[in-house]
Amino acid sequence: MKTIKPKLAIVGYGKMGKEVELLALEKGFTITNIFDIHNPLSYEEQYNFDVAIEFTTPESVLENVKLLARLKKNIVIGTTGWYDKISEVKEIVETESIGAIYSPNFSIGVAILFAIINEASKIINHFEDYDIIVEEIHHKHKKDYPSGTALKIAKVILQNVGRKKRITTDLLPDNGEVLRIASLRVGETFGVHKILIDSAFDTIEITHTSKNRKGFALGALIAAQIIFNKKGFYEFNLESIVNNFGY
């Protein structure tokens with residue numbers, strides 16, 4: 001049985017928006033609209049798309065969600081750095097009875113990484129000789145710091161490792177209760193996330209390295225397929241990918 005593809009709009013036509021456009025056309029999706037600063041969304045217009053894929057700026061997310069919700073359009077939120085407004089976004093989505101799906105990182109590999117870290121941190125919780133830290137490296141243009149992906153990894157660890165009580169980005173000495181995130185911004189690096197588990201005896205490293213933006217675009221298109229004709233507020237994760245596509 002052939003899968004029905006949603007008609008797409010791209011909100012934000014920067015590097016990620018262009019990458020989504022190229023891959024969407026390659027995969028047989030129809031793109032009806034591309035919105036950017038020169039062609040903004042308007043709730044007074046009638047648009048013929050099913051799902052909007054949004055890659056803009058943290059400052060723009062809330063207004064874009066409000067506009068798309070008024071238009072009764074479902075949304076893939078690919079922008080990061082707006083999570084202080086997540087309760088407000090969720091309320092808009094639920095009040096307007098639309099569907100929205102978000103993630104700090106739409107890479108399928110990162111979804112797998114989150115699942116691995118969830119299990120690994122449960123194991124580390126039993127071994128107090130091992131400390132744990134999160135490190136991330138991104139290109140010099142990235143605005144949020146630390147990355148949404150690193151924060152998500154840290155929150156997963158915090159849930160599972162009882163001796164870690166809070167997340168920090170500083171380098172001050174502590175009694176072992178702090179989970180550190182180290183961030184670097186350099187060149188044009190797409191994204192490297194490393195979890196370092198260290199003891200006096202040995203070191204374990206779990207690393208995910210993004211090779212290009214195409215992986216993020218693929219995940220965003222999968223997310224658009226997941227949220228098509230659904231209502232509610234969802235987080236993109238490995239379970240949703242497997243349940244919808246049988247990977």
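These legends describe close-up views of one predicted model.

Residue numbers start from 1 along each chain as its sequence is written. In this predicted model, local features need pLDDT of at least 70 and side-chain atom pairs count only at pLDDT 80 or more, while totals for chains, interfaces and linings use all residues.

**View 1. The whole chain has seven helices and 11 strands.** Helices (H or I, at least four residues) and strands (E, at least two) are DSSP runs, numbered from the N terminus. Along the principal axes, the C-alpha atoms fill a box of roughly 60 × 40 × 35 Å. The radius of gyration of the chain is 19 Å, which agrees with the value near 18 Å for a compact globule of 247 residues; this radius is taken over C-alpha atoms, and the globule rule is 2.2 Å times the number of residues to the power 0.38. Of the 247 residues, 48% count as buried, meaning under 20% relative accessible area with a 1.4 Å probe, protein chains only.

**View 2. Six strands form an open sheet with parallel pairing.** Their order is β2-β1-β3-β4-β5-β11, where two strands pair if DSSP finds at least two bridges between them. At the edges stand β2 (31–35) and β11 (232–235), each pairing on one side only. Neighbouring strands are turned by 15° against each other on average, direction ignored; axes are lines fitted to C-alpha atoms, for helices over the stretch in contact, and angles run from 0 to 180 degrees between N-to-C directions.

**View 3. Strands β1 and β2 pair in the parallel sense.** Strand β1 covers residues 8–11 and shares four bridges with β2. The bridge partner of L8 in β2 is I31. Between these strands the chain passes through helix α1 (residues 15–26), in a right-handed β-α-β crossover: with the strands pointing away from the viewer, the path from the first strand over the helix to the second runs clockwise.

**View 4. Helix α3 packs on the six-stranded sheet.** This helix (residues 86–95) touches β4 (74–77), β5 (99–102) and β11, contact being heavy atoms within 4.5 Å. The direction of α3 makes about 135° with that of β11.

**View 5. Five strands form an open sheet with mixed pairing.** The order is β7-β8-β6-β9-β10, and the edge strands are β7 (166–168) and β10 (203–209). The twist averages 20° from one strand to the next. Three bridges join β7 to strand β8 (residues 178–185) in the parallel sense, and I167 stands opposite L179 in β8. Helix α4 (residues 108–124) lies across β9 (192–198) and β10, at about 165° to β10.

Notes:
Side-chain values use heavy atoms; hydrogens and water are left out. Buried means under 20% relative accessible area, exposed over 50%, partly exposed in between (1.4 Å probe, protein chains only).
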